Amino acid sequence: MSPAIALRFLLAALVATVLLLAGCASLLPLPADRGIAFGLMGDTPYNESEVTQLDALIDELNREDLAFVVHVGDITSGRGPCTDAWFEARRKQFDRIRHPFVLIPGDNDWTDCHRSSMDPMERLARFRQIFEAGEQSLGVQPMRVERQSGTQAEYREHMRWEAGKVIFITLNVQGSNNNLGRTPAMDEEYRRRMAAVYAWMDEAERIVEQKKFSGLVILIQANPDFEQTWLRRTRPGAPDGFADFRAALSTLAKRLDKPILFVHGDTHRYRLDQPLQDPATGEVLRNFTRLEVWGSPWVRWTRGSLHPGAPVP
C-alpha cells in the first residue's frame, strides 16, 4: 500500500477551538496544538483488484485520527459496472470506514452509464437512494450534514458542513464535459443541475461572510479543464461544459477574498497548484488553490489538515 500523500491546508486566523458539525448540537474538540486532519480520495475502485486494494486503504484510514473522509466520486470505471449490485457492495465496503464518510457521485456512476445501456437519470436516482439518504454522512460514526433543500432538494449530493471556521461544500459537477453536448435531454439536465450548483455556491459565500469564516473548501468530481485543452484536443467545436463554472469560480474567488481550497478527481494524478486566472487581467488568483486526488490505477488517499493560527500557504 502506498503511503498517504501529505497535504497541509493552512488557513490564516483559525483560532476556533471546536469542530462544529453543521446542524449538529454536539461539539468535537479542535486541539490547539495540531488542528484537525481529514482524508481525501476519489476515482476508485474501478475493478475487483482495486476493490481489494480499497479494503487495505480503508484499514489504513481506520488507523488514522481523522475528522472525516471525502470521496469525490467515480466508484466504478467509465465502462461500469453501474449495477445495483456493484453500488450496494461499495456501500457495504464504505460502511467499514470508522470516520464520518462523504461520497459525491461521479460521471462514471451515472452520466457515463449510457455506455452500458443504462439510463443515467435512473442511475443517479438509485445512487442517491443508496448513498445520499438521510441527513447524515456515511461511516461508522456519521456526522450531520446539511443538504440542498427547497426547490432544488433533489440534489441531495450537494452537502455542507463546518470545521474549524471553514465551510466544506460538495457539488455535482461531472467529468465527460459535465454531461453537456451528448443529447438534448442531457443538455437540459446540465442546465438544471448547474443552476442548483451556483445556488449552493452562493449560499456558501453568504455563510462565510456572515459568520466571518476563514476559508472555503469546494469538493467536486470533475477536472474543470482550467487550461482549456481537453475539448480542443478531443472534441473540437463541442460546447464547453465547464466554461460557466470556471467563470463562477473566478467571480467567487475575487469577491470572497478568503482562501479557497478546490478539490477534484477525474484525471487521476495528484497535483497541487493555483490554476485559476482573473479573466479580465490574466492574473493568477492567489487565494484559490486546486488539489487533485489520486485515482485509478493508484488507490491512494491524501491528507488535508486545518491548523489554528497558521499562515495561508
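Buried here means under 20% relative accessible area, and two residues are in contact when heavy atoms lie within 4.5 Å. Keep both in mind as you move around this predicted model.

**Stop one: helix α1**

Select residues 48–62, and you have helix α1, with 15 residues. From its first C-alpha to its last, α1 reaches 21 Å, close to the 21 Å expected at 1.5 Å a residue. Now colour E50, V51, L54, L57, I58, E60, L61 and N62, which are the buried residues of this helix. An α-helix has 3.6 residues a turn, so residues three or four places apart point the same way.

What covers those buried residues? Show β4 (36–41), β5 (69–71) and α2 (84–94), which are among the elements covering them.

Before leaving, display the side chain of N47, which caps the N-terminal end of α1. One of its side-chain oxygens lies 3.2 Å from the backbone nitrogen of S49.

**Stop two: where α2 meets α3**

Keep α2 on screen and add α3 (120–131). The two helices pack at an angle of about 25 degrees, and their axes are 10 Å apart. Angles under 35 degrees count as roughly parallel, so α2 is roughly parallel to α3. For the contact itself, show D84, F87, E88, R90, R91 and F94 on α2, then R123, R126, F127, I130 and F131 on α3. The crossing of α2 past α3 is right-handed.

**Stop three: Q136 in its loop**

Follow the chain on from α3 into the loop between α3 and β7 (146–147), and pick Q136 there. Is Q136 buried, exposed or partly exposed? It counts as partly exposed, because its relative accessibility is 42%. Leaving aside residues up to four places away in sequence, Q136 touches P142, M143, R144, V145 and R147. Try a distance from Q136 to P100 as well: they are 36 residues apart along the chain, with their C-alpha atoms separated by 8.7 Å.

**Stop four: helix α7**

Finally, jump to residues 243–256, which form helix α7 with its 14 residues. Its reach from first to last C-alpha is 20 Å, close to the 20 Å expected at 1.5 Å a residue. Highlight F245, R246, A248, L249, S250, L252, A253 and L256 to see the buried residues of α7. Which elements do they pack against? Bring up α5 (184–210), β10 (215–219), β11 (260–264) and β13 (288–292), and you have the packing partners of those buried residues.

End the tour on D257: just after α7, this residue takes a positive phi of about 55 degrees.

Definitions and conventions
Residues are numbered from 1 along each chain as its sequence is written. This is a predicted model: local features need pLDDT of at least 70, side-chain atom pairs count only at pLDDT 80 or more; totals for chains, interfaces and linings use all residues. Side-chain values use heavy atoms; hydrogens and water are left out. Helices (H or I, at least four residues) and strands (E, at least two) are DSSP runs, numbered from the N terminus. The expected span of a helix is 1.5 Å times one less than its number of residues. Buried means under 20% relative accessible area, exposed over 50%, partly exposed in between (1.4 Å probe, protein chains only). A polar contact is a pair of N or O atoms within 3.5 Å; within protein, one must be able to donate a hydrogen and the other to accept it, and residues adjacent in sequence count only if both atoms are side-chain atoms. Axes are lines fitted to C-alpha atoms, for helices over the stretch in contact, and angles run from 0 to 180 degrees between N-to-C directions. Angles under 35 degrees count as roughly parallel, over 145 as roughly antiparallel, 65 to 115 as roughly perpendicular and the rest as oblique. A crossing is left-handed if the near helix is turned anticlockwise from the far one by less than a right angle, and right-handed if clockwise.
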